Amino acid sequence: MAYTFSNSFVLAFTTLSFLLVSTSVSTTTTTTRSMSNNIEGLSYNFYSNTCPNAEIIIKNVVSQKLKEALVTAAGALRIFFHDCFVEGCDASVLIASSSTNKAERDADINLSLPGDGYDVFFRAKRALELQCPGVVSCADVMAIVTRDLVNLMGGPRWEVLKGRRDGLISKASRVEGNLPQVNQTMSQLISLFKYKGLSTLDMVALSGAHTLGFSHCKEFISRIYGYNTTCDIDPTMNKGFALQLRATCPIKSMDPNVVAFNDVTSPFTFDNAYYLNLQKGFGLLATDQQLFLHPETRSYVNDMVEDQQIFFSYFVAAMIKLSQIGVKTGSDGEIRHDCGTFNA
Ligand code: HEM
């Protein structure tokens, strides 16, 4: 695995909230079913004859993995997003590189995707292979695992349409330009999401995924040192927050493994605190903070702060759209036996 997780979590303002929330993984019982079922070949009961217990088997693996490593949720959610934006939701990100192919997961931007995130997908698939070999695709495993993790971290639950097949292409060279980066402008991000079939509102709602997880210092360092010729610190960032981050990421001896929470107030709970942070200048990444500053996205941020249920319903709608991007169905692709390698 190309990534080693650092023990030096940044607790910035949050030592207490970390202690409180990390021990209480809550579940939300609300279940949402998409109104639209418009992708031919996908259905809610796809495995009801061939692997009727598929979702129960997956849920058990996910719960166990989360008990072992709470950071799994954020890692897997990000991996799922990166999978869907490159070649569609076809588990192409899970393929390991070979001597003849540098795979998607080894593209620079994917090197920070964490091992625990990959592990939960592989484990769920292995458990399914014992009960129903060759039936459930890795792409469907990814969609279901991600849904369960969001829910177990306190977020909403939704029904997952199934029937995706696994892709036959995974190339690092096809990643560039398909994933958002922190130095992009809001218009560039809006265009990228639009190109993937997602609206500006979908983008703002999906960014709420940053209610979980971490970012490495290099992703926000330019905001806290030598920002521009007149300001040393990005003026859109809360000054106290910036100084805390400086303590974590000293410029002279920056440890490449050190990370800071994306949501400084409740990093292990899937909630709408991320948006409230943006209103206060506690956005960690420049692109997070921009959501509150840009005229096309600001009112959406305010809506999400207003009511957590509104955030959840927009998030679910956007996740359902995300999980249908470029899916392969019918005789397209394959059902991999091992998520890390194409079938022979
Ligand atoms: C809108 C544009 C986005 C940008 C520029 C962006 C960028 C980033 C960056 C730079 C990191 C830190 C990576 C690291 O240092 O390890 C990160 C983390 C993360 N991102 Fe995003 N992201 C965006 C949207 C999304 C979306 C749409 C999702 C999911 C639906 C998502 C889920 C996550 C999660 C869960 C993490 C934490 C990962 C972990 O703790 O392992 N992001 N993102």
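**View 1. E87 and A91 in the loop between α3 and α4.** E87 lies in the loop that runs between α3 and α4 (115-131), and the model in which this loop is seen is a predicted one. Phi of E87 is near 70 degrees, which is a positive value in a residue other than glycine. With a relative accessibility of 22%, E87 counts as partly exposed, because the buried class is reserved for values under 20%. A91 also has its place in the loop between α3 and α4, and its phi, near 60 degrees, is likewise a positive value in a residue other than glycine. At 0% relative accessibility, however, A91 counts as buried.

**View 2. The shell of residues around the ligand.** There are 23 residues around the ligand, and those that come nearest are H210, G213, F214, S215 and H216. Among the elements of the chain, α3 (72-85), α7 (200-207) and β4 (214-216) each supply at least two residues of this shell, and α3 gives the most, with 4 residues. Sorted by class, the shell is made up of 11 nonpolar, 10 polar and 2 charged residues. Because domain 1 (30-179) and domain 2 (186-317) both give residues to the shell, the ligand lies between the two domains.

**View 3. H210 and the iron atom of the ligand.** H210 is found in the loop between α7 and β4. The iron atom of the ligand has a single donor from the protein, namely NE2 of H210, at 2.1 Å. A polar side-chain atom of H210 also lies 2.9 Å from a nitrogen atom of the ligand.

**View 4. Polar contacts of F214 and H216 with the ligand.** At F214 the backbone takes part, with one of its polar atoms 2.9 Å from an oxygen atom of the ligand. At H216 the side chain takes part instead, with a polar atom that lies 2.7 Å from an oxygen atom of the ligand.

**View 5. The two faces of helix α9 and its N-terminal cap.** In helix α9, which covers residues 239-248, the buried residues are F241, A242, L245, R246 and T248. Seen down the helix axis, these buried residues fall within an arc of 155 degrees, and they therefore line one face of α9. The face turned away from this buried side carries K239 and A247, which are exposed. At the N-terminal end of α9, N238 serves as the cap, with a side-chain oxygen that lies 2.9 Å from the backbone nitrogen of G240.

Technical notes. Residues are numbered from 1 along each chain as its sequence is written. This is a predicted model: local features need pLDDT of at least 70, side-chain atom pairs count only at pLDDT 80 or more; totals for chains, interfaces and linings use all residues. Side-chain values use heavy atoms; hydrogens and water are left out. A residue is near a molecule or strand if one of its heavy atoms lies within 4 Å of it. A polar contact is a pair of N or O atoms within 3.5 Å; within protein, one must be able to donate a hydrogen and the other to accept it, and residues adjacent in sequence count only if both atoms are side-chain atoms. Ala, Val, Leu, Ile, Met, Phe, Trp, Tyr, Cys and Pro count as nonpolar, Asp, Glu, Lys and Arg as charged, and the others, Gly among them, as polar. Domain bounds come from an automatic or database domain assignment. Donors are N, O and S atoms within 2.8 Å of the metal (3.2 Å for Na, K and Ca); water is not among the atoms, so sites may look incomplete. Buried means under 20% relative accessible area, exposed over 50%, partly exposed in between (1.4 Å probe, protein chains only). The arc is that of the directions from the helix axis to the C-beta atoms.
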